[in-house]
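Here is a short report on one protein chain. Please look through the structure before reading on.

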Amino acid sequence: MPIYAYKCSACGHAKDVLQKISDAPLSVCPECGHSTFSKQVTAAGFQLKGSGWYVTDFRGNSGGQGGSASPSAPSESAAPAAAPAAAPAAPAAPAAGSSAS
């Protein structure tokens, strides 16, 4: 549940209130009783530091590829198409007359 900052414009009383998003906003000041209690626009209570995470962040030799959004993908598609890459051979189908039982 988010914490909302409220402030009364009549007396200046400020309070942080833990509310559900679906709850109606408070309007009556708990200090002076006037109906001038309103939500304040505040900054987020956390900061995201660092360069962030992206699919290419884990493109080391220790695991699989980071995904198709790698920086080398555009240069490969811009290169002229020479010979197609060799595809692995498909497994041979079992002979029609043989049975595995």
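C32 is partly exposed, with a relative accessible area of 31%. The model is predicted, and every value below is computed from it.

**Cysteines**

C32 takes part in no disulfide. Its nearest cysteine sulfur belongs to C8, 3.7 Å away. C11 is partly exposed too, at a relative accessible area of 39%. The sulfur of C11 has its closest cysteine sulfur in C8, at 3.7 Å. How many disulfides does the chain have by the rule used here? The count is zero. A disulfide is a covalent bond between the sulfur atoms of two cysteines. The rule asks for sulfur atoms within 2.5 Å. The C11 sulfur, at 3.7 Å from that of C8, is therefore too far for a bond.

**Overall layout**

The secondary structure comes to one helix and three strands. Along the sequence, the order is β-β-β-α. The chain has 101 residues, and 10% of them count as buried. About 8500 Å² of the chain is exposed. Carbon and sulfur atoms supply 58% of that area. Take the contacts between residues at least 6 apart in sequence: 24% of them join residues at least 24 apart.

**Core and F37**

Which residues make up the largest nonpolar core? There are five: Y6, C8, V17, C29 and F37. C8 thus appears in this core and also holds the cysteine sulfur nearest to that of C32. F37 has a long contact list. Leaving out residues up to four places away in sequence, F37 touches Y6, K7, C8, H13, K15, L26, S27, V28, C29 and P30. Among these partners are Y6, C8 and C29, which are core members as well.

**Around Q19, L26 and K39**

Q19 lies in the loop between strand 2 and strand 3. Is Q19 buried or exposed? Q19 is buried, because its relative accessible area is 6% and the limit for buried is under 20%. Beyond its neighbours within four places in sequence, Q19 is in contact with M1, P2, Y4, Y6, A24, L26 and K39.

L26 sits in the loop between strand 2 and strand 3. L26 counts as partly exposed, at 35% relative accessibility. Outside its neighbours within four places, L26 is in contact with Y6, V17, Q19 and F37. So L26 reaches Q19 as well as the core residues Y6, V17 and F37.

K39 belongs to strand 3, which spans residues 37-39. K39 is partly exposed, with a relative accessible area of 39%. Not counting residues up to four places away, K39 touches Y4, A5, Y6, Q19 and P25. Y6 and Q19 are two of the names on this list. Y6 is also a contact of L26 and of Q19.

The table gives C-alpha distances for pairs in this region.

| Pair | Separation in sequence | C-alpha distance |
|---|---|---|
| K39 and A5 | 34 residues | 5.7 Å |
| L26 and K39 | 13 residues | 7.8 Å |
| Q19 and I3 | 16 residues | 6.2 Å |

K39 and A5 are also in contact. Their C-alpha atoms are separated by 5.7 Å, with their positions 34 residues apart along the chain.

**Surface patch**

Where does the surface carry a nonpolar patch? M1, I3 and L18 form one, with about 360 Å² of accessible area together. L18 is in strand 2, residues 14-18. L18 counts as exposed because its relative accessibility is 52%, and exposed means over 50%. Two of the patch residues link back to Q19. M1 is among the contacts of Q19. I3 and Q19 are 6.2 Å apart, C-alpha to C-alpha.

How values were computed: Residues numbered from 1 in each chain as written. Predicted model: local features only at pLDDT ≥ 70, side-chain atom pairs only at ≥ 80, totals over all residues. Heavy atoms only, no water. Patch = residues over 30% accessible without salt bridge, like charges linked within 9 Å, V, L, I, M, F, W, Y side chains within 5 Å. Areas by Shrake-Rupley, 256 points an atom, 1.4 Å probe, with all protein chains shown as cover. Salt bridge = Lys/Arg side-chain N within 4 Å of Asp/Glu carboxyl O. Helix = DSSP H or I, 4+ residues; strand = E, 2+ residues; numbered from the N terminus. Buried < 20%, exposed > 50% of the residue type's maximum accessible area, 1.4 Å probe, protein only. Contact = heavy atoms within 4.5 Å. Core = buried A, V, L, I, M, F, W, Y, C linked by side-chain atoms within 4.5 Å.
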